[in-house]
Amino acid sequence: MLCTRSALGKLGRMRAVVQRVDGARVEVAGETVGEVTGEGLCVLVGVTHDDTPEKAAQLARKLWSVRMLDGEKSCSDVNAPLLVISQFTLYGDARKGRRPTWNAAAPGEVAEPLVDEVVARLRELGATVATGRFGAEMRVSLTNHGPFTLVVDV
């Protein structure tokens, strides 16, 4: 298979959907397992097959420093919390037919340690991080401030 430069650029990219929030929480079976209050970020993280711990560290640095809070501040500027939730569906492909495929999403045994690595690296940087529960059916509630949402690929 011949890969073009643009196709190569899409391989091995850890992906996050980042929303500026005024509070967010995630529940599993009616129990709140992660919550942030006030200004912060809600981050859905997707992992593909060839992502690495280095990509997880790069994503953590980007999340901690991206200037998308009020006044063009970052979480590191104002010590804002982050709610990080694993989200394999970020690599869903619905281009053909009516049912998405998940071929590009990494399996749990690959994805879970890398999502954990993003969280660990954020905490090493000084972030307050709440999380969802990997592999669980979760209910996410948030107040999107702006609305302001970015897709971040690293």
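**Exercise 1. Contacts along the chain**

Task: Work out what share of the contacts with a separation of 6 or more comes from residues 24 or more positions apart.

Solution: Start with the contacts in the protein that have a separation of 6 or more; residues 24 or more positions apart account for 75% of them. Keep in mind that this is a predicted model. Next, look at one residue as a sample. V26 sits in strand 1, and its contacts beyond four places in sequence include L83, I85, T131, G132 and M138.

**Exercise 2. The overall build**

Task: List the helices and strands in order, then check the radius of gyration against the value for a compact globule.

Solution: First, count the elements: there are 4 helices and 5 strands. Now walk along the sequence and you get α-β-β-α-α-β-α-β-β. For the second part, take the 154 residues: a compact globule with that many would have a radius of gyration near 15 Å, and the protein has 15 Å, so the two agree. To finish, lay the C-alpha trace along its principal axes, where it spans about 50 × 35 × 30 Å.

**Exercise 3. Inside and outside**

Task: Find what percentage of the residues is buried, and what carbon and sulfur atoms supply to the exposed area.

Solution: Buried residues make up 39% of the 154. Turning to the surface, the protein exposes about 8,800 Å², and carbon and sulfur atoms supply 48% of that. Want a single example? V26 has a relative accessible area of 0%. The cut-off for buried is under 20%, so V26 counts as buried.

**Exercise 4. Two salt bridges from strand 1**

Task: Say which partners R15 and R20 pair with, and whether each of the two arginines is buried or partly exposed.

Solution: A bit of background helps: side chains of opposite charge can pair when their charged atoms come close. Begin with R15, whose salt bridge partner is D153, with the closest N and O atoms 3.0 Å apart. That pair joins distant parts of the chain, since R15 is in strand 1 (residues 15-28) and D153 is in strand 5 (residues 138-153), 138 residues apart. R15 has 23% relative accessibility, so it counts as partly exposed. D153, at 32%, is partly exposed.

Now take R20, which forms a salt bridge with D70, the closest N and O atoms being 3.7 Å apart. R20 is in strand 1, while D70 lies in the loop between helix 2 (53-65) and helix 3 (75-78), 50 residues apart. R20 comes out at 10% relative accessibility and therefore counts as buried. For D70 the value is 41%, so D70 is partly exposed.

**Exercise 5. The rest of the charges**

Task: Give the number of salt bridges, then describe the R95 and D93 pair and the network that includes R121.

Solution: The count comes to 8 salt bridges. In one of them, the side chains of R95 and D93 meet at 2.7 Å, N to O. Exposed means over 50%, so R95, with a relative accessible area of 74%, is exposed. D93 has 24%, which makes it partly exposed. As for the network, salt bridges link E117, R121 and E124. Last step: zoom out to the whole protein, where the mean positions of the 19 positive and 19 negative charges are 8 Å apart.

Conventions: Residues are numbered from 1 along each chain as its sequence is written. This is a predicted model: local features need pLDDT of at least 70, side-chain atom pairs count only at pLDDT 80 or more; totals for chains, interfaces and linings use all residues. Side-chain values use heavy atoms; hydrogens and water are left out. Helices (H or I, at least four residues) and strands (E, at least two) are DSSP runs, numbered from the N terminus. The radius of gyration is taken over C-alpha atoms; the globule rule is 2.2 Å times the number of residues to the power 0.38. Buried means under 20% relative accessible area, exposed over 50%, partly exposed in between (1.4 Å probe, protein chains only). Contact means heavy atoms within 4.5 Å. Accessible areas come from the Shrake-Rupley method with a 1.4 Å probe; for residues, only the protein chains shown count as cover. Lys and Arg count as positive and Asp and Glu as negative; His and the chain ends are not counted. The place of a charge is taken as NZ of Lys, CZ of Arg, CG of Asp or CD of Glu. A salt bridge is a side-chain nitrogen of Lys or Arg within 4 Å of a carboxyl oxygen of Asp or Glu.
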